[in-house]
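Welcome! Here are some short exercises to help you find your way around a new structure. Take a look at it first, then try each task before reading its solution.

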Amino acid sequence: MNIENAQKQVDHWIKNHGVRYFNELTNMAQLTEEVGEVARIIARRYGEQSEKESDKNKDLGEELADVVFVVLCLANQTGINLQDAFEKKLDVKTKRDHNRHQNNQKLK
């Protein structure tokens with residue numbers, strides 16, 4: 001599935017199950033909340049914080065999917081073709097960062 005298709009699937013889901021999009025500010029708050037849930041899992045499972053018993057069954061993939069879903073909602077409601085934007089960003093990063101990362105001694 002490409003990003004453009006994912007945007008269409010989210011739009012279809014919103015129209016058939018979600019009634020309407022939450023407004024942009026609500027979705028931004030939701031995105032922040034979902035990113036926080038990802039951060040909590042990463043910090044406790046892969047970082048130095050100890051994992052609480054109640055967090056051990058949390059699914060990182062599911063939380064990352066929540067982030068993607070809200071990002072797709074924001075793109076849809078603000079008229080952004082995220083496929084095009086991602087491809088442009090990847091091109092910029094490739095041209096800008098290739099030598100920088102290849103020559104970074106910290107990454108060797």
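**Exercise 1.** Work out how α1 is oriented relative to α3.

*Solution.* Step one is to look at the axes: those of α1 and α3 come within 9 Å and cross at roughly 85°. Step two is to sort that angle: values of 65 to 115 degrees count as roughly perpendicular, so α1 is roughly perpendicular to α3. Step three is to find the residues that touch. On the α1 side they are Ile-3, Ala-6, Gln-7, Val-10, Asp-11, Trp-13 and Ile-14, and on the α3 side Phe-69, Leu-72, Cys-73, Ala-75 and Asn-76.

Before going further, keep in mind that this model is predicted. The protein has a mean pLDDT of 94, and 100% of its residues reach 70 or more. Confidence is highest in helix α3 (residues 60–77), at a mean of 98, and lowest in helix α4 (residues 82–102), at 91.

**Exercise 2.** Now do the same for α1 and α4.

*Solution.* Start with the axes again: α1 and α4 come within 7 Å of each other and cross at roughly 150°. Angles over 145 degrees count as roughly antiparallel, so α1 is roughly antiparallel to α4. Ile-3, Glu-4 and Gln-7 of α1 make this contact with Leu-82, Gln-83 and Phe-86 of α4.

**Exercise 3.** Describe α3 from its start to just past its end, including its buried residues.

*Solution.* Begin at the N-terminal end, where Asp-59 acts as a cap: one of its side-chain oxygens lies 2.9 Å from the backbone nitrogen of Gly-61. Next, check the length. The 18 residues of α3 reach 26 Å from the first C-alpha to the last, close to the expected 26 Å. Then list the buried residues: Leu-60, Glu-63, Val-67, Val-70, Leu-72, Cys-73, Leu-74, Ala-75 and Gln-77. Their cover includes α1, α2 and α4. Finally, step just beyond the helix, where Gly-79 has a positive phi of about 75°.

**Exercise 4.** Does the span of α2 agree or disagree with the expected value, and which of its residues are buried?

*Solution.* At 1.5 Å a residue, the 22 residues of α2 should span 32 Å; the end C-alpha atoms are 31 Å apart, so the two agree. The buried residues are Asn-27, Leu-31, Glu-34, Val-38, Ile-41 and Arg-44. An α-helix has 3.6 residues a turn, so residues three or four places apart point the same way. What covers the buried residues of α2 includes α3. At the start of α2, a side-chain oxygen of Asn-23 comes to within 3.1 Å of the backbone nitrogen of Leu-25.

**Exercise 5.** Decide whether Asp-97 and Lys-88 are buried or exposed.

*Solution.* Asp-97 belongs to helix α4. Its relative accessibility is 4%, so Asp-97 counts as buried. The side chain of Asp-97 also makes a polar contact of 3.0 Å with the side chain of Arg-100. Lys-88 is in helix α4 too, and with a relative accessibility of 61% Lys-88 counts as exposed.

**Exercise 6.** Find what is unusual about the phi of Val-19, and say where this residue lies.

*Solution.* Most residues other than glycine have a negative phi. Val-19 has a positive one, near 70°. This residue sits in the loop between α1 (3–18) and α2 (24–45). Val-19 is exposed, with a relative accessible area of 75%.

Methods:
Residues are numbered from 1 along each chain as its sequence is written. This is a predicted model: local features need pLDDT of at least 70, side-chain atom pairs count only at pLDDT 80 or more; totals for chains, interfaces and linings use all residues. Side-chain values use heavy atoms; hydrogens and water are left out. pLDDT is the predictor's confidence in each residue, from 0 to 100. Helices (H or I, at least four residues) and strands (E, at least two) are DSSP runs, numbered from the N terminus. Buried means under 20% relative accessible area, exposed over 50%, partly exposed in between (1.4 Å probe, protein chains only). The expected span of a helix is 1.5 Å times one less than its number of residues. Contact means heavy atoms within 4.5 Å. A polar contact is a pair of N or O atoms within 3.5 Å; within protein, one must be able to donate a hydrogen and the other to accept it, and residues adjacent in sequence count only if both atoms are side-chain atoms. Axes are lines fitted to C-alpha atoms, for helices over the stretch in contact, and angles run from 0 to 180 degrees between N-to-C directions. Angles under 35 degrees count as roughly parallel, over 145 as roughly antiparallel, 65 to 115 as roughly perpendicular and the rest as oblique.
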